[in-house]
Amino acid sequence: MAFFSLLGLMEHIQPSVTAEPPSRHQAWTRLQKLASDPGLRQLQTLFAHDADRASRYTFRQGTLMADLSKNWINDQVLKALIDLAASCRLEEKIRQLHQGEVVNPTENRPATHVLQRRRHTRADIEDQRRHFYAVAENYQQQHWLTAFGEPVESIVNIGIGGSFLGPQLVIEALTDLQTSSRYPVHFLSSVDDSLHKQVFSQINPRRCVFCISSKSLGTSETLRNTEAVMQRIRALPGYQPDARRQSFVAATANHEAACALGIAETHILPFANSIGGRFSLWSAIGFPILMSIGADAFSRLLRGAESLDEHFASAPFANNLPVLMALLSIWYRSFMGLPAYAVLPYDARLKHLPAWLQQLMMESVGKGRDIHGNPLPYSTSPWVFGEHGQLSQHAFFQAFHQGNDVIPVDFIGVRQPATGNQRFLLINMLAQSATLMNGSQTQDNNPHARCPGNRPSTVLLLDDLSPHSLGQLLALYENMVFTQSVIWNVNCFDQPGVELGKRMARQIDQHLSAGTLKELDTDDSTRALLQNILLDHNGHAE
Ligand code: F6P
């Protein structure tokens with residue numbers, strides 16, 4: 001197959017079903033009309049004519065409070081958005097998700113992350129949960145040792161994408177948590193020699209458990225890193241694994257591949273194929289989290305997420321926080337034409353949230369085809385980015401305030417502990433949100449100093465940063481993304497674009513090894529670059 005036809009494969013797949021796209025719904029047309037009203041972009045005027053706007057658009061759910069009032073909405077827009085959600089049969093889709101029905105049609109399976117975090121759930125999921133809790137407990141209680149007969153002192157997580165971002169985020173977010181046994185966790189994600197050096201300089205490999213985290217156990221980065229680490233560890237003197245002495249565990253849905261890697265049966269932590277990678281931190285992929293924060297805290301994390309799921313499944317759309325946040329993002333992306341979305345935690349503990357959300361949203365709803373394979377007549381995922389809010393104030397906020405592109409922002413703050421520094425962070429966060437909205441028209445005659453204002457933002461406040469509130473926050477965003485997918489009518493749980501890139505890398509690798517680069521089905525630019533960078537003078541792979 002020619003390269004361009006391979007690249008265009010997905011473009012040429014014939015739609016199997018012709019379904020009515022959401023853009024044909026009556027509510028969609030209403031929203032298009034509403035979006036042409038410039039008055040909706042005048043936040044100060046909206047506030048001036050609406051005495052209880054701030055309180056009416058502020059929502060509380062558990063430990064979370066969300067002020068949506070500084071957004072380009074009014075009651076009419078909200079009503080039309082909620083009608084759109086209803087006409088897309090959102091309620092039915094949420095029920096299907098919660099009942100474990102097929103919601104991932106291209107892979108013909110359910111998405112069971114919601115079942116995974118329920119206290120009382122399916123027997124197979126409870127068994128899997130008991131198993132990874134027991135493995136953690138065995139290491140913590142020193143019933144199990146490393147293959148060197150040493151107690152465990154630290155964990156290295158070998159994984160990438162969802163098998164890295166979720167654990168990294170949660171462990172960092174809960175650094176302040178007091179637990180009886182906290183094990184430092186290090187992450188080997190990309191295939192970088194410098195990263196290997198860094199990680200190995202921080203651990204005692206004889207007292208370390210390496211957790212190979214990969215749903216598929218087919219991800220080349222993870223396999224390469226695993227191979228390198230296994231070679232290194234197995235070559236160390238005194239490496240003598242037995243039933244109670246193991247230095248490797250594998251959190252995976254691919255049992256066979258874990259056995260082929262030589263992982264002891266007892267040390268394989270299974271989870272279902274129906275857990276999407278980016279939704280997987282609640283499953284055995286959370287093993288490093290469990291080792292870091294302990295079983296009680298991990299259970300509280302699950303309970304926090306479960307409580308948000310219950311809210312998502314039962315609250316009317318007009319008070320349903322994940323639904324409202326999804327509707328807002330759809331409003332901005334599909335009707336107001338705003339291409340980006342920034343998430344800015346004002347708390348160093350949440351510094352990895354933007355990267356996690358970026359994968360969650362962009363891999364889930366960054367699609368150009370609907371759930372039936374038909375091309376979409378509208379854009380989906382915004383470009384998600386972010387950073388610690390205070391650091392970004394001194395980096396990219398200038399463009400938020402005065403650039404010609406409007407970027408909707410989620411500010412995230414944590415109320416407790418109420419220390420001076422925490423207050424300083426919150427003051428800065430609220431100052432930025434107010435300034436984005438109010439601008440500085442009247443400041444002086446200097447046109448350069450003028451900020452247009454009327455820039456939208458949401459303020460999300462957590463009472464504290466506990467396992468429970470963190471579980472709520474993450475489930476809020478997961479359910480928001482699921483809602484986006486229902487309304488945009490895309491499959492939230494596959495990622496064919498990423499798979500295509502992975503296949504290309506494999507082909508290049510194979511042709512390089514076989515010395516057949518000339519036969520590689522690719523473009524001239526790529527071939528020239530490959531020859532330039534990866535071949536020696538004689539045309540052999542370096
Ligand atoms: O980036 C593509 C992807 O498939 C993600 O969806 C997933 O989180 C990541 O690769 C890692 O996959 P695995 O857990 O199978 O190694």
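Contact denotes heavy atoms within 4.5 Å. The structure is a predicted model, in which local features need pLDDT of at least 70 and side-chain atom pairs count only at pLDDT 80 or more, whereas totals for chains, interfaces and linings use all residues. Residues are numbered from 1 along each chain as its sequence is written, and side-chain values use heavy atoms, with hydrogens and water left out.

Leu217 lies in the loop between β7 and α12 (220-234); helices (H or I, at least four residues) and strands (E, at least two) are DSSP runs numbered from the N terminus. With residues up to four places away in sequence excluded, Leu217 touches Ile212, Leu223, Thr252, Asn254, Ala257, Ala258 and Leu261. Leu217 counts as buried because its relative accessibility is 6%, the term meaning under 20% relative accessible area (1.4 Å probe, protein chains only). Val498 is 281 residues from Leu217 along the chain, and the C-alpha atoms of the two are separated by 16 Å.

The ligand is surrounded by 15 residues, of which Ser163, Ser214, Ser216, Thr219 and Glu363 come nearest; a residue is near a molecule if one of its heavy atoms lies within 4 Å of it. An oxygen atom of the ligand is 2.6 Å from an N or O atom in the side chain of Ser216, and a ligand oxygen atom is likewise 2.6 Å from a side-chain N or O atom of Glu363. For Lys215, a backbone N or O atom lies 2.8 Å from an oxygen atom of the ligand. Of the 390 Å² of accessible area that the ligand has on its own, the protein covers 90% (Shrake-Rupley method, 1.4 Å probe). Two or more residues of the shell are given by each of α10 (162-173), α17 (353-365) and α22 (496-514).

Helix α9 (residues 123-140) has 18 residues and should therefore span 26 Å at 1.5 Å a residue, in agreement with the 25 Å between its end C-alpha atoms; the expected span is 1.5 Å times one less than the number of residues. Buried residues of α9 include Ile125, Phe132, Tyr133, Val135 and Tyr139. Among the elements covering the buried residues of α9 are β7 (208-213), β8 (248-252) and α15 (295-314). Gln142, which follows α9, has a positive phi near 60 degrees.

Ser69 occupies the loop between β2 (64-67) and α6 (75-87). Ser69 is buried, with a relative accessible area of 1%. Beyond four places in sequence, Ser69 touches Leu43, Phe47, Arg53, Ala54 and Tyr57.

Methods. A polar contact is a pair of N or O atoms within 3.5 Å; within protein, one must be able to donate a hydrogen and the other to accept it, and residues adjacent in sequence count only if both atoms are side-chain atoms. Buried means under 20% relative accessible area, exposed over 50%, partly exposed in between (1.4 Å probe, protein chains only).
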